[in-house]
Amino acid sequence: MMHYVSTRGVTEPVTSAGAIRLGIAPDGGLFIPEVFTRIDPEIIRKMLSFSYQELATAILGLYLTDYREEDLRKMTASAYEVPGKFANPAVTPVVGYGDGQYLLELWHGPTCAFKDIALQILPYLMTRANTLSGSNAETVILVATSGDTGKAALEGFRDVPGTKIIVFFPEEGVSVIQRSQMVTQIGANTFVAAVYGNFDDAQNGVKQIFTDPVLKENLATRGMVFSSANSINWGRLAPQIVYYFFGYLELCRQGNLEFGATLNIAVPTGNFGNILAAYIAKQMGLPLGKLICASNSNNVLTDFIQTGEYDRNRQFYTTISPSMDILISSNLERLLFDLADRNPELVRNWMSELKTTGRYRVTGGVAERVREEFYSGFADERETMAEIKRLFGATGIVLDPHTAVGTVVTRRYREESGDNTPVLVAATASPFKFNASVLEAIQGPAAVVGKTEFELLVELEALTGQKIPKGLQGLDQMEVRHKTVCRKEEMAETTQGFLKIK
Ligand SMILES: *Cc1c(COP(=O)(O)O)cnc(C)c1O
């Protein structure tokens with residue numbers, strides 16, 4: 001039986017169901033498996049014949065040891081159903097763009113961003129975790145979102161028995177498409193509210209609701225319990241390990257990589273969840289080389305990886321890759337714990353310095369180990385726009401701005417290091433989701449002024465010859481089902497209203 005320890009070392013180890021049910025450890029740390037399971041190369045080779053769903057069952061089974069294999073098989077079959085949930089038969093197809101560089105397309109799910117891959121299966125993992133823990137409480141998922149997470153969570157949890165989902169998004173700060181995706185959400189158990197303010201206001205409001213003892217008690221007496229679907233939950237991280245195995249095996253199946261050869265990985269990074277999953281896959285024995293961490297102008301991770309000092313005291317930029325506009329990358333804590341020989345005392349000290357001063361410097365050889373495993377770089381807005389135009393001109397492939405950050409930094413790594421090992425870049429969103437930036441990059445600013453994002457969807461379709469993804473079609477025709485707007489001070493009250501507990 002696999003146990004999960006807290007990176008802060010105070011909470012007692014829990015089972016996988018316990019880790020998923022709790023989300024964050026009571027001592028403030030993050031749950032991490034007591035070991036990363038090594039897989040024998042010959043067993044990995046056998047996985048060459050696995051479908052995505054079979055691979056997911058096998059990998060998740062190594063970590064979710066209190067779930068029955070039979071149940072995991074049903075969950076992966078439903079979550080990764082093609083074409084019901086994912087539009088591409090491979091689920092996460094691999095596409096080359098020249099010189100041994102490949103895209104791992106993670107955006108073929110219902111909401112067109114990579115978060116679907118974890119959030120399509122999380123509801124199953126969570127409701128099962130409750131029953132495994134002997135609880136029959138109804139789970140109320142609370143989410144504050146800057147855009148992609150909210151819609152992906154709504155789609156994942158809609159009409160899942162035993163759950164309700166409430167999403168708060170900032171009135172100022174999500175794109176027209178992202179807003180439309182959320183306010184037209186169907187499902188009897190879904191609730192959405194706009195908050196006057198920015199993402200931090202929404203996020204702080206949700207944190208306050210989580211820690212409000214009166215509200216918690218109020219819920220408990222009605223058989224409900226709050227839970228979180230954000231990326232510090234192990235139930236979101238584990239499903240992300242799967243696609244690195246899939247990408248590697250797919251390259252072998254395509255004849256583009258010899259089984260056993262090294263593959264580099266590049267990931268456009270925000271909260272450090274996606275790239276951490278690649279690190280875990282490497283620890284499990286997948287032959288991965290350098291892990292390339294790509295940031296936008298919010299380059300706190302670039303500096304940390306280069307210097308060993310994490311310093312969030314810097315200007316915050318609003319960029320064209322908004323899902324990476326983050327100054328505190330929560331999942332980094334798991335990496336530090338592992339690289340510090342799993343010494344929770346060191347992690348506790350660093351995290352408490354981060355809280356009080358906004359910065360910390362890692363010690364004990366950790367900075368050197370980080371640099372051995374990772375390369376880091378960032379792309380500013382101008383470079384990102386130029387990259388979208390360049391790659392479209394050269395190959396006809398259209399990148400979204402997040403993915404373009406990844407390919408810029410990948411090229412820089414290759415130039416600086418001379419390491420031309422094949423590389424797989426995580427493509428994290430469909431270009432249609434960020435159509436205004438993409439069209440402006442390719443055709444210039446005049447091509448987009450005065451046009452709505454819905455008109456631009458059609459233009460991007462005409463320009464690229466690719467179909468508008470199903471999840472983005474007809475959004476402007478759909479009924480607006482969620483009209484609540486509240487002030488940040490009213491979020492708790494709004495929540496109680498949604499749950500009819502006032
Ligand atoms: C969330 C997101 C990211 C960042 O992923 P992390 O796991 O937070 O590092 C990158 N690109 C897109 C499109 C996203 O939605």
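Two strands count as paired if DSSP finds at least two bridges between them. The legends below describe a predicted model.

**View 1. Pairing of strand 5 with strand 8.** Strand 5, residues 138–144, pairs with strand 8 in the parallel sense, and five bridges join them. Within this pairing, Glu138 stands opposite Met224 of strand 8.

**View 2. The open sheet of five strands.** The strand order is 8-5-6-7-15, and the pairing is parallel. Strand 8 (224–228) and strand 15 (484–486) form the edges; each has a single partner strand, so one side of each is left without a neighbour in the sheet. From one strand to the next, the twist averages 25°.

**View 3. Helix 7 on the sheet.** Helix 7, residues 148–157, packs on the sheet and touches strand 5, strand 6 (163–170) and strand 7 (190–195). The directions of helix 7 and strand 6 make an angle of about 165°.

**View 4. Residues around the ligand.** The ligand is surrounded by 15 residues, and Lys115, Asp148, Gly270, Asn271 and Thr428 are the closest. By class, this shell has eight polar, five nonpolar and two charged residues.

**View 5. Polar contacts to ligand oxygen atoms.** From the side chain of Lys115, a polar atom lies 2.4 Å from an oxygen atom of the ligand. Gly270 places a backbone N or O atom 2.8 Å from a ligand oxygen atom, and for a backbone N or O atom of Asn274 the distance to an oxygen atom of the ligand is 2.9 Å. On its own the ligand has 390 Å² of accessible area, of which the protein covers 96%.

Terms used:
Residues numbered from 1 in each chain as written. Predicted model: local features only at pLDDT ≥ 70, side-chain atom pairs only at ≥ 80, totals over all residues. Heavy atoms only, no water. Near = heavy atom within 4 Å. Polar contact = N/O pair within 3.5 Å; in protein donor to acceptor, adjacent residues only side chain to side chain. Areas by Shrake-Rupley, 256 points an atom, 1.4 Å probe, with all protein chains shown as cover. Nonpolar A, V, L, I, M, F, W, Y, C, P; charged D, E, K, R; others polar. Helix = DSSP H or I, 4+ residues; strand = E, 2+ residues; numbered from the N terminus. Axes fitted to C-alpha atoms, helices over the stretch in contact; angles between N-to-C directions. Contact = heavy atoms within 4.5 Å.
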